[in-house]
Structure formats: structure tokens, C-alpha cells
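Colleague: Hi, got a minute to walk me through this one? I'd like to go over how the pieces pack together.

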Amino acid sequence: MKKKIGVREVAKEANVSPSTVSRVLNNKGYISEVTRSQVYQAMEKLEYYPNELAIALYKNKSYTVGLIFPTITNPFHAELIQEMEFLLSAEGYKTLLCNSLNNPEKEKQYLEMLRKNQVDGIIVGTHNENITDYDIPNLPIIAIDRYLGGSTTAVSCDNYAGGRIATELLVDEGCQKILCIRGDSKIKLPANSRTRAYQDVMNQNNMDSIILEVPFTQTIEKKREIIQGFLKKRTEIDGIVAGDDLLASLAIIILKENQKEIPRDVKVIGFDGAVETLIYKPQLTTIQQPIQEIANVAVQKLLNKMQGEEEEDAIHLPVKLIRGDTV
């Protein structure tokens, strides 16, 4: 059986003391570059891998960040998570990905699990209501498109601008009966500004607001059922501002099943514009969120908070219109 390699064996190979090896591993005190190089060469030769748990306990840091998101199947969340994991890894942090499946109890359980694992910070992108457990002293938390209160920072796109651009586009294209499909209004989200922008544009043009709530936490089948039932009753709808690209896609499928031509009979615009969505649905007109920038800002703000820096309560990043064939 191969003998287990430890600090003493590395020290002997590098011709230094065990305490010097420990200081190199923990980056403590002055170590000359020559000595540091000798230790690393010895570690490589002996195939010694430091005990990360022991180092974490010594430094009172786990070098782990928790990500709590409702799903990894939504292209927007998938791209965002991928970007953040890449950025955190470059900074030396591992990620624990928690898929809450839109279940508030599961979200609470994941939060408790992350606290037990002593993560250094958390990034949250869920949309469940009545989760009041995030105001945790000394635990930096960043929220993506969600207000959690306390000391958390909310990072989102400029939702109001996105809602205004989408609605004005449909008005300019001659739509008279514009439907806004949105999420659950009871949940306090930055995305609610999209609906406010829609209502403002409709009022400015002396047009009636038509709003359909489709809770984010519902299954795709249930979302389809809600939209289908509404459009069956309101056949006069000639424009749709959807809360995300999935809702826009569901609406388009249902409209086509009802022998409506897109965009001749009904014009549809989505929201998110993830890379995967634009590859598979290049015809969709959508408001694109700056996903890479959201990931960059969220990670940087979290790192700043972990260093004890104060950050603003909310950050809004610019959106842009991606013109397809559905408007």
C-alpha cells in the first residue's frame, strides 16, 4: 500500500521545515519565491494534494459559494449560472448549485444546507414568495432580479426600459389590443417594473391595459393551460408582451393552433434573449437581458461583500431589442 504523503514528507523533499510548508499552503508570513518554488516542486513530485477542508478551517473560509435557482432548464438561468460558475472558479471558489424547483420549502432547506456547509456567500435567483430567511448576519447575499431586503443587493436588467421598448414597438406596429403576460404580482420583484412600463405606455396612448398573470412557479403545462384559456376568450388580442421567452413561445404555439398567423394577426415579443433561445428560435422578437454583465456584476458585488465592502441596494443594467419575425 502506497504511503500517504503529508506535510512532513513534502518538507523533507523540499529541504525546509514542516512549518514553512504550512505557511506556503496557507499563504501566511514572508516566503521567498525560491522557497515557495521548492515547496511546489516537491508537492508536484510527490503528488501531494493539500487538505482543502483543513485549510478552510484554518482560514475560516470555505472558498465555496452557494447558487440557489429555480431551474437549470430555463435558457436564461442556465446561461447565467454557467457564466457565474466560470467567474467564481477563476477566483478560486467552488459552487454548490441548488435547484429549488420553484418549491419554497425546498428553497428553505437548501438555504439551511448552505449555512451548515459554511459557504462564504450566496447568489439567489428564485421567485418564491414569503421567504424571509435571507437576512443573515455576516453572510453576503446577492439576489438576481429579486428584492430580499436586509443587506442583500439586487442585480437586474433595466426592467422598466425593457417593458417600455416592447410595448412601444407593438403600438408603433399598429396593435390596438395588447396583452401583457406577467408573473405573480404578489411577489416583490424588479421585473414588476415591466408591467408598470406597459401600463404607462398604454395610458399614454389612451389604450386599455390587458394583463394576464401566469405564476412563475407553475409547471409549463399549467402555464399553457392558463394562456390557452385566456386567448380562447379574448380573440381580439393583436399584440402580446410576454414576461419571458418561454411565455412568448407558449403563446405563439397556442395562437398557431387557433389558426392565427404570426405576426400578421398577432405580434409577439418576449423577454430574456438567452443565447440558446436565439439559436433555436431566431425568429422570436425579444428584449435581451445582458446576461454576461449580470453575471459579472453579481459575482463582483458578492466578492466585494465578502471582503467587507458596502454595496448599493439595487443595480439595473441596460437591455436591447432583438428584432425577429414575430413583430
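**Helices, sheets and one aspartate**

Modeller: Sure! In this predicted model, helix 1 (residues 7–14) packs with helix 2 (residues 18–26) at an angle of about 105°, and their axes are 8 Å apart.

Colleague: How would you class that, roughly perpendicular or roughly parallel?

Modeller: Angles of 65 to 115 degrees count as roughly perpendicular, and helix 1 and helix 2 are therefore described that way.

Colleague: Which residues meet there?

Modeller: From helix 1 you have V7, R8, V10 and A11, and they meet P18, V21, S22 and L25 of helix 2. By class, the residues of that contact are 6 nonpolar, 1 polar and 1 charged.

Colleague: Nice. Switching to sheets: what is the strand order in the one with parallel pairing?

Modeller: That open sheet has 6 strands in the order 2-1-3-4-5-11. Strand 2 (94–99) and strand 11 (314–317) are at its edges with a single partner strand each, so one side of each has no neighbour in the sheet. From one strand to the next, the twist averages 20°.

Colleague: How many bridges join strand 1 to strand 3?

Modeller: There are 4 between strand 1 (residues 64–69) and strand 3 (residues 121–124), and the two run parallel. As one example, L67 has I123 in strand 3 as its bridge partner.

Colleague: Which strands does helix 12 lie across?

Modeller: Helix 12 lies across strand 1, strand 3, strand 4 (141–144), strand 5 (153–157) and strand 11, and runs at about 165° to strand 4.

Colleague: And how does helix 5 pack with helix 12?

Modeller: Helix 5 (residues 75–90) and helix 12 (residues 291–306) have their axes 9 Å apart, at an angle of about 45°. That makes helix 5 oblique to helix 12. The crossing is right-handed.

Colleague: What do the two helices bring to the contact?

Modeller: Helix 5 brings F76, E79, L80, E83, M84, L87 and L88, which meet I291, Q292, I294, A295, N296, A298 and V299 of helix 12. That contact has 10 nonpolar, 2 polar and 2 charged residues.

Colleague: OK, what about the sheet with mixed pairing, what order do its strands take?

Modeller: Its 6 strands form an open sheet in the order 7-6-8-9-10-12. Strand 7 (210–213) and strand 12 (320–322) are the edges; each has a single partner strand, so one side of each is left without a neighbour in the sheet. Neighbouring strands here are turned by 20° against each other on average, ignoring direction.

Colleague: How does strand 6 run relative to strand 8, and where do they bridge?

Modeller: Strand 6 (residues 178–182) and strand 8 (residues 239–242) run parallel and are joined by 4 bridges. I178 stands opposite G239 in strand 8.

Colleague: Which helices should I look at on that sheet?

Modeller: Helix 8 (residues 192–204) packs on it, touching strand 6, strand 7 and strand 9 (267–272), with its direction at about 165° to that of strand 6. Helix 10 (residues 245–257) lies across strand 6, strand 8, strand 9 and strand 10 (285–288), at about 155° to strand 9.

Colleague: Last one: D272 in strand 9. Buried or exposed?

Modeller: Buried: the relative accessibility of D272 is 7%, and the cut-off for buried is under 20%.

Colleague: What is D272 in contact with?

Modeller: Setting aside neighbours within four places in sequence, D272 is in contact with F76, D244, D245, T286, I287, Q288 and Q289.

Key: Residues numbered from 1 in each chain as written. Predicted model: local features only at pLDDT ≥ 70, side-chain atom pairs only at ≥ 80, totals over all residues. Heavy atoms only, no water. Pairing = 2+ DSSP bridges. Axes fitted to C-alpha atoms, helices over the stretch in contact; angles between N-to-C directions. Contact = heavy atoms within 4.5 Å. Parallel < 35°, antiparallel > 145°, perpendicular 65-115°, else oblique. Left-handed = near helix turned anticlockwise from the far one by under 90°. Nonpolar A, V, L, I, M, F, W, Y, C, P; charged D, E, K, R; others polar. Buried < 20%, exposed > 50% of the residue type's maximum accessible area, 1.4 Å probe, protein only.
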